Amino acid sequence: ATGRPDPRGGAGGTTASSCPPHPGFLHDICVRCGLRREKPSSAGSGSHSSAGHPIPKSTSMRYIHEGLELSNDELEKAKREEKTRVLLSGKLLLVLDLDHTLLNSARFADLTQDDHDVLGRIVAARACADAGGSEEDIAKAAKEAVPHRPDRSMIDREEGREDADGKSTRKPKETERAEDDALPGDETKSSDDELREVETKEPPGMDSLTDLTVSMEDTHFPGCSPPLKHTYCLRHLALFTKLRPFAHAFLRAASELCQLYIYTMGDKRYAAEMASLLDPGGTLFGGRIISNEESTNARVKDLDIVLGAEPAVLIVDDTDRVWPNNLRNLIKVDRYHFFKQSALGFRQPGASVAEKNWRDEGDNGTRAQLRDALLVIASAHRLFFAGTDASGRADEALRSFKRDEDGEETASATRPPARTETSESVNPGKDKDDSVSGIAKLPDSALETLRSRDVRELLLGGGNDDDAESEKNAPSKSSKSILPLSNVSVAFSRVTARGEPNPERHPLWLPPPPAPPPHHKPPP
């Protein structure tokens, strides 16, 4: 609103009559009139202020700006405006989960010492490979990443400190400390003397323990030949994190088709750290990162605070139960378990990369899930923008992903995508000028057609990729009835999951209930 300044201290160029209702608040200050939020009346239901003005319901939008709240009416208006802007840029909206979808993390405390050693070697070997090291250099980096520690069980065997069952008979530390305090005339040796003897004594068949270290040069280090990509040791968070295969290539290709969001049940600091690993250049998400602290519900996720309308939103997540209100928008992927502890936490023993000889997804008999998810996203984008200038972008994105998949992913990990949002944008949901970001804006005449389309129907099979006419015409209403399993007969194989504790008691294997006895009418 424009007019005379508010005499009660409102922002310049506003009028006192423009509020209430207030469109939103920033740290309890109205973003339009500059007045402080009115306290609800103590009498009645509290839906009116002490001055008698109605208090509209509001929603926290802290992920956009700390302390920001928008009234529900203003939020719906912002969603409509954002949907219009994004659609005219030739994009959909894509909401991405973090854990088990794009990456897998494990706390230091949850890992064994052997796990730490293997991961330390993988990180060192990968750094050497990225620096252009030869195979010999990579093997040397992996070997030197972890100092050699003598195997205590081997020492116990050589010293006869194992019983018949192979258990160590070494005295506990408390006993050793008590013997250290023995009188000078006692013949008991201190633990330090014992360790010195062990270190100097040569086990049979070996010159010394140093021979064991030398022999490690011929040892194959798991996950180091070639070293796995994108494994990170985050000491400040006490975490190891492994990105899912092709995560960078997937995000770059998806950013050409969609405006990206992160939505995680993790806390704000963790979400920001993971986003920096996925988007080192800070060009893909533009501040659109929603953590558990910004969500409107601590137990589930919802599109209520995502700017944009649900008919234009896609979701990629490994868990469907956290999206009870938006299942039709969901593209579900298999959980990514890199660490053994992660798979055990979901009762999926043997499903982790660590338990598959450290061969990563796509190379161990499983499908590359992000590649499959991108195919679905590209298909939905192609159908949604059929008949517009953006209809060919899906094929361009798939070709870009293919180039990265064929070996350019590491070299281009920090390369910004061809068409994306810039980190200099003030509004997390808004790009800079389209001519600067390289995005060809669609004509306003296409908006009427795009507004009538619903990506949720397209995910159910609302269209045919092989139909040449789909590039020219919008999907017809009758095509919505073309479901993925139309005219398919389904027969259950009675195959159960490997992790099923009692497969013989699974409902698929239980015998059918006996048929009820026939009903006989009583004789007349």
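Visitor: Let me start small. In strand 11, which residue is the bridge partner of L93?

Guide: It is V313. Keep in mind that this model is predicted.

Visitor: How many bridges join strand 5 to strand 11?

Guide: First the general idea. Strands of a sheet pair through backbone hydrogen bonds, either parallel or antiparallel. Here, strand 5 covers residues 92-96 and strand 11 covers residues 313-317. Four bridges join them, and the two strands run parallel.

Visitor: In what order do the strands of the open sheet stand?

Guide: Read across the sheet, strand by strand. The order is 10-9-5-11-12, five strands with parallel pairing.

Visitor: Why is one side of strand 10 and of strand 12 left without a neighbour in the sheet?

Guide: Strand 10 (289-290) and strand 12 (330-332) stand at the edges. Each has a single partner strand, so one side stays free of a sheet neighbour.

Visitor: Which strands does helix 11 lie across?

Guide: Helix 11 spans residues 369-384. It lies across strand 5, strand 9 (258-263), strand 11 and strand 12. Now read the angle: helix 11 runs at about 160 degrees to strand 5.

Visitor: Let us step back. How many helices and strands does the protein chain have?

Guide: There are 15 helices and twelve strands. The chain has 524 residues, and 40% of them count as buried.

Visitor: What share of the contacts between residues at least 6 apart in sequence join residues at least 24 apart?

Guide: The share is 64% in this protein chain.

Visitor: On to pockets. What is the volume of the largest pocket?

Guide: It is about 690 Å³. The lining has 27 residues, and D99, H100, S105, Y270 and F346 are the closest to the pocket's centre. Two elements give two or more residues to this lining: strand 6 (103-107) and helix 10 (340-345). Strand 6 gives the most, with four residues.

Visitor: How do the lining residues of the largest pocket divide?

Guide: Sort them by side-chain type. Eight are nonpolar, nine polar and ten charged.

Visitor: And which residues lie nearest the centre of the second largest pocket?

Guide: They are P226, L228, K229, D360 and D363, out of 27 lining residues. Strand 8 (239-243) and helix 12 (393-408) are the elements that give two or more residues to this lining. The volume of the second largest pocket is about 550 Å³.

Visitor: How does that second lining divide by type?

Guide: In the second largest pocket, ten lining residues are nonpolar, six polar and eleven charged.

Terms used. Residues numbered from 1 in each chain as written. Predicted model: local features only at pLDDT ≥ 70, side-chain atom pairs only at ≥ 80, totals over all residues. Heavy atoms only, no water. 1 Å grid on protein atoms, 1.4 Å probe; cavity = no way out; pocket = protein on both sides within 12 Å on 5 of 7 lines; lining within 4 Å. Points joined across faces, edges and corners; volume = space filled by probe spheres on them. Nonpolar A, V, L, I, M, F, W, Y, C, P; charged D, E, K, R; others polar. Pairing = 2+ DSSP bridges. Contact = heavy atoms within 4.5 Å. Axes fitted to C-alpha atoms, helices over the stretch in contact; angles between N-to-C directions. Buried < 20%, exposed > 50% of the residue type's maximum accessible area, 1.4 Å probe, protein only.
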